[in-house]
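Morning, everyone. I'd like to walk you through one model today. Please have a look at the screen.

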Amino acid sequence: MQSQNPMISDFVKMMNSAAGTFAGMTREARESARERVKEAVGGMEFVSREEFDAVKDMAAKAREENDALSARLDALEKKLSKS
């Protein structure tokens with residue numbers, strides 16, 4: 001059973017229009033924010049995963065070499081101190 005009151009009908013139409021407008025504004029704001037984030041992130045210089053892994057491996061290898069050299073240096077110092 002629908003109401004025949006034109007005031008209620010107009011109010012419902014107005015609320016439907018407002019809801020549609022609000023949904024459109026929300027969608028537009030979301031897209032605008034997404035574009036701003038893309039622009040901000042696009043200007044940054046990020047490294048790829050492959051580059052990161054390569055540098056990580058190089059650092060690990062350098063650490064191992066440093067430990068080996070430290071051990072050799074300690075051995076040489078002990079040898080010199082005994083002499």
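Two helices, zero strands: that is the secondary structure of this protein. Keep in mind that this is a predicted model.

Overall dimensions next. The C-alpha atoms fill a box of roughly 110 × 25 × 20 Å along the principal axes. The radius of gyration is 35 Å, whereas a compact globule of 83 residues would come out near 12 Å.

What about burial? Of the 83 residues, 0% count as buried. The protein exposes about 8100 Å². Carbon and sulfur atoms supply 60% of that area.

Now helix 1. This helix covers residues 6-42, and Val12 lies in it. Val12 belongs to a nonpolar surface patch. The other members are Ile8, Phe11, Met14 and Met15, and the patch comes to about 470 Å². Is Val12 itself buried or exposed? Neither: Val12 counts as partly exposed, because its relative accessibility is 41%, and the buried class needs under 20% while the exposed class needs over 50%.

On to charges. How many salt bridges does the model have? The count comes to two.

Take the one in helix 1. Arg34 and Glu31 meet through their side chains, at 2.8 Å from N to O. Why can these two pair up along the helix? They sit three residues apart in helix 1, so about one helical turn separates them. An α-helix has 3.6 residues a turn, so residues three or four places apart point the same way. Both partners are partly exposed: Arg34 has a relative accessible area of 40%, and Glu31 is at 39%.

The other bridge is in helix 2. Here Asp53 pairs with Arg49, and the closest N and O atoms are 3.7 Å apart. The spacing in sequence is four residues, which again means about one helical turn. Their accessibility classes are as follows. Asp53, at 29% relative accessibility, is partly exposed. Arg49, at 56%, is exposed.

Stay with helix 2 for its geometry. The helix runs over residues 49-82, which makes 34 residues. At 1.5 Å a residue, the expected span is 50 Å. The end C-alpha atoms are 50 Å apart, so expectation and model agree. How many of those 34 residues are buried? Zero, so helix 2 lies largely in the open.

To recap: two helices, two salt bridges, and a nonpolar surface patch that includes Val12. Thanks, and over to you for discussion.

Conventions: Residues are numbered from 1 along each chain as its sequence is written. This is a predicted model: local features need pLDDT of at least 70, side-chain atom pairs count only at pLDDT 80 or more; totals for chains, interfaces and linings use all residues. Side-chain values use heavy atoms; hydrogens and water are left out. Patches are made of residues with over 30% relative accessible area and no salt bridge: like charges are joined within 9 Å, nonpolar side chains (Val, Leu, Ile, Met, Phe, Trp, Tyr) within 5 Å. Accessible areas come from the Shrake-Rupley method with a 1.4 Å probe; for residues, only the protein chains shown count as cover. A salt bridge is a side-chain nitrogen of Lys or Arg within 4 Å of a carboxyl oxygen of Asp or Glu. Buried means under 20% relative accessible area, exposed over 50%, partly exposed in between (1.4 Å probe, protein chains only). The expected span of a helix is 1.5 Å times one less than its number of residues. The radius of gyration is taken over C-alpha atoms; the globule rule is 2.2 Å times the number of residues to the power 0.38.
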